[in-house]
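Here's a quick briefing to read alongside the model. Keep the sequence and the 3D view open as you go.

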Amino acid sequence: MTSTPDPTSTPNPTSPPNPTSEFLTACGHEIHLMHWSKDRSEPVVMWHGLARTGRDFDPCAAYFADRYRIVAPDTIGRGLSSWSKTPDAEYRLEHYADIAVELLDRLGIERMRWVGTSMGGAIGMVLAAGPLRDRITHLVLNDIGPALSPVAVGRIRSYVTQPPVFDTVLELEAYLRTIYAPYGAITDAQWRQMAETSTRRRDDGKVTVHYDPAVMRVFAETTDDFEMWDAWDAIRAKTLVMRGETSDLLTQDTAEEMTRRGPKARLAVIPGCGHAPALNVPDQLQLIEDFLAS
């Protein structure tokens, strides 16, 4: 396995505090989250993508933890959060949004900035257009918009609806390196962490990915939930759209339309990435930093 140069060679000069791993109840579910800098007054919620967990934000959260309070949950059915007993009703954007509202209320978070990758950005749009319209001040959408490319939906369905099974975690890591290559520059250590936080060992001792397979079945049946131009037009938060240069999920046409209507987002095209930028290298982090401070 070849070594990858460390793209995060210019971290913040101040060492951030270690995060805490917490479990809270929201909408009847046990929700796991990573909580950074709980004593800081300005919260940033970081919400992950469809088949991922909040641990994807570790490099990003570490970068911002000397200035912001960071909350990075696992969505139900992923990571260490509970699985739904009624997946067809609950593995949907609206229910994820309901969980987010109750979770943030439990944490005492009134106003916030939101950074969402893919599905996490879609949840952010639902919230910024509705129940948190007056509470989300800044919205960062990482390679997601109010319309999905059918080509990308087909690609995602091809791998998430058939969870792979491996004999070893190293085999799972090799698989992740292949399907998430569009994330861009990721170090060997970050790939290993992704594997460690993406692994679920089955009863037969083999390993598979961390999500409930029903999550992806429901997604495949309900992609219309992600068509939300009406919600987009209702958003008032300052909005930054980050599009991977070769993304097949957020087309250039859709991204440009997002700059002309609704919150009239600022658009940044991220070179060397597809769907979706990993938010782990200096240029991407600086872009988010400048926007959150605006």
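Alanine 189 sits in helix 7, which covers residues 188–197 of this predicted model. Its relative accessibility is 58%, so alanine 189 counts as exposed. Pick alanine 26 as a second landmark: 163 residues separate it from alanine 189 along the chain, and their C-alpha atoms are 33 Å apart.

**Helix 7 and its surroundings**
- On the buried side of the count, helix 7 has Gln190, Trp191, Met194, Ala195 and Thr197.
- The cover over those buried residues includes helix 1 (58–64), helix 6 (169–179) and strand 8.

**The second largest pocket**
- This pocket holds about 180 Å³ of space.
- Helix 7 turns up here too: helix 7 and strand 8 (199–201) are the elements that give two or more residues to the pocket lining.
- Glu196, Thr197, Thr199 and Arg200 are among the lining residues, and so are Ser21, His32, Thr53, Arg55, Asp74, Gly79, Leu80 and His210.
- Sorted by class, that lining comes out as one nonpolar, seven polar and four charged residues.

**Cavities**
- How many cavities of 30 Å³ or more does the structure hold? There are two.
- The largest cavity has about 450 Å³ of space, and of the 35 residues lining it, Gly49, Arg52, Asp56, Thr117 and Tyr183 are the closest to its centre.
- Helix 7 shows up once more, as helix 5 (150–160) and helix 7 each supply at least two residues of the largest cavity's lining.
- The class split for the largest cavity's lining is 21 nonpolar, 10 polar and four charged residues.
- The second largest cavity has a volume of about 80 Å³, and its lining includes Leu50, Arg78, Tyr91, Arg92, Leu93, Tyr96, Met119 and Phe226.
- Helix 3 and helix 8 (213–221) are the elements that give two or more residues to the lining of the second largest cavity.
- That lining divides into eight nonpolar, one polar and three charged residues.

**Helix 3 against helix 4**
- The axes of helix 3 (residues 93–106) and helix 4 (residues 119–129) come within 9 Å, crossing at roughly 75°.
- Angles of 65 to 115 degrees count as roughly perpendicular, and therefore helix 3 and helix 4 are described as roughly perpendicular to each other.
- Helix 3 brings Leu93, Glu94, Tyr96, Ala97, Ala100 and Val101 to the contact, while helix 4 brings Met119, Ala122, Ile123, Val126 and Leu127.
- By class, the residues of this contact are 10 nonpolar, no polar and one charged.
- Leu93, Tyr96 and Met119 from this contact also line the second largest cavity.

Technical notes
Residues are numbered from 1 along each chain as its sequence is written. This is a predicted model: local features need pLDDT of at least 70, side-chain atom pairs count only at pLDDT 80 or more; totals for chains, interfaces and linings use all residues. Side-chain values use heavy atoms; hydrogens and water are left out. Helices (H or I, at least four residues) and strands (E, at least two) are DSSP runs, numbered from the N terminus. Buried means under 20% relative accessible area, exposed over 50%, partly exposed in between (1.4 Å probe, protein chains only). On a 1 Å grid over the protein atoms alone, a cavity is a set of points where a 1.4 Å probe fits but cannot get out, and a pocket is an open set with protein on both sides within 12 Å along at least five of seven lines; lining residues have an atom within 4 Å of a point. Grid points are joined across faces, edges and corners, and a volume is the space filled by probe spheres set on the points. Ala, Val, Leu, Ile, Met, Phe, Trp, Tyr, Cys and Pro count as nonpolar, Asp, Glu, Lys and Arg as charged, and the others, Gly among them, as polar. Axes are lines fitted to C-alpha atoms, for helices over the stretch in contact, and angles run from 0 to 180 degrees between N-to-C directions. Angles under 35 degrees count as roughly parallel, over 145 as roughly antiparallel, 65 to 115 as roughly perpendicular and the rest as oblique. Contact means heavy atoms within 4.5 Å.
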